[in-house]
Amino acid sequence: MTSKEPQTVDLKTVEPQQLMGLRDQLEGEMQNLSASATALQSAAGQFGSSGRAIERLAHQESGQPMLMPLTSSLYVPATLDSASNVLIDIGASYYVERSPADGTDYCKRKVNMLKDQLDQIGQVMREKQRIMQQVTAVLQQKLAAQQRAQQS
Amino acid sequence: MADTKLKALEQSLQAEAEGLKALERDGQKAQQAQQQFIQQQNENQMVLKELEGLQEDSAVYKLIGPVLIKQDLVEARSNVKKRLELISGELSRIDSQLKNVAKEGQRKQQQGMKMQQELQKLQQANRS
């Protein structure tokens, strides 16, 4: 079993093979965490840009001519009907009609929540990095000692 | 005589090992389902929090296929609550399933080890 070694284990007493396993495990965990961090970052970016879009929309008056994107490269002329309400996707395929102010507030709350989670992940990642450095250092010492023992 | 016994033991050991593998697969499947339900639980909890914070006259829509269908707010809240109950029911079911798999796996492992020891004893006896 390669379950987490308790914190009290002295790394110097662990076999090199196990250390390697531990290092690989930590590496995997770090990769997962950094993938999550990237996903959270991009979600935060999307909420941020949605919030800004609502803010800009709220300043427009109804009847304002505009070009609606049908695809990323095809636009058709349109007029703005009303900017007094926006529809927010709150998840699980539920949508809610809110005022633009509520909409930006929602986006800001989401961004803050994601930032908090990113901070937490960052902390865990720093901690894992620290442990990994220790493990790698001890592993290198052990391997060097082994080599010396073999040569003599 | 000893040979047939040896063969039988080898066969049952193999069967045991296969059973253990199947059990591990079940465990992995259950774990995946658990992850999925936890994700859904999180999402629905967030939705419920948003719905509870709304004023009674707010318009709520549900996306069904490609269309948005207007929903009664009270109904939407109770639907999400029901979903959450369903999800936590599933989660506790999976939890007990995982516990069972772990217990069964331990038992199988011990039995497999016992069989292996027996097998080794028999093999040694045959040789001498």
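A cavity, in the sense used here, is a set of grid points where a 1.4 Å probe fits but cannot get out. The model is a predicted one, and with that meaning in hand, its enclosed spaces can be looked at first. Counting those of 30 Å³ or more gives two cavities. About 50 Å³ of space lies in the largest of them.

So what walls this space in? Chain A supplies A:Ile88, A:Ile90, A:Val96, A:Arg98, A:Asp102, A:Tyr106 and A:Arg109, while B:Glu50 and B:Leu54 come from chain B. Sorted by element, β3, β4 and α2 of chain A each put two or more residues into the lining, and α2(A) gives the most, with three. The mix is a curious one to look at: five of the lining residues are nonpolar and four are charged, with no polar ones.

Next comes the sheet that β3 and β4 of chain A belong to. It is an open sheet of four strands, in the order β3(A)-β4(A)-β1(B)-β2(B), and the pairing is antiparallel. At its edges stand β3 (86-91) of chain A and β2 (67-71) of chain B; each has a single partner strand, so one side of each is left without a neighbour in the sheet. From one strand to the next, the twist averages 35 degrees.

The two chains meet in this sheet where β4 of chain A (residues 94-98) pairs with β1 of chain B (residues 60-64), in the antiparallel sense and over three bridges. Within that pairing, A:Tyr95 has B:Tyr61 as its bridge partner in β1(B). Helix α2 of chain A, running from residue 100 to 151, packs on the sheet and touches β3 and β4 of chain A. The direction of this helix makes about 30 degrees with that of β3(A).

That leaves the open spaces. The largest pocket has a volume of about 800 Å³, and 22 residues line it. Which of them lie nearest its centre? They are A:Leu40 and A:Gln117 from chain A, along with B:Gln39, B:Asn42 and B:Met46 from chain B. At least two lining residues apiece come from α1 (16-58), β3 and α2 of chain A, and likewise from α1 (2-52) of chain B. By class, the pocket lining holds 11 nonpolar residues, eight polar and three charged.

Taken together, β3 and α2 of chain A turn up in both places: they help line the largest cavity and the largest pocket.

Key
Residues are numbered from 1 along each chain as its sequence is written. Chains are lettered from A and ligands numbered from 1 in the order in which they are written. This is a predicted model: local features need pLDDT of at least 70, side-chain atom pairs count only at pLDDT 80 or more; totals for chains, interfaces and linings use all residues. Side-chain values use heavy atoms; hydrogens and water are left out. Two strands pair if DSSP finds at least two bridges between them. Axes are lines fitted to C-alpha atoms, for helices over the stretch in contact, and angles run from 0 to 180 degrees between N-to-C directions. Contact means heavy atoms within 4.5 Å. On a 1 Å grid over the protein atoms alone, a cavity is a set of points where a 1.4 Å probe fits but cannot get out, and a pocket is an open set with protein on both sides within 12 Å along at least five of seven lines; lining residues have an atom within 4 Å of a point. Grid points are joined across faces, edges and corners, and a volume is the space filled by probe spheres set on the points. Ala, Val, Leu, Ile, Met, Phe, Trp, Tyr, Cys and Pro count as nonpolar, Asp, Glu, Lys and Arg as charged, and the others, Gly among them, as polar.
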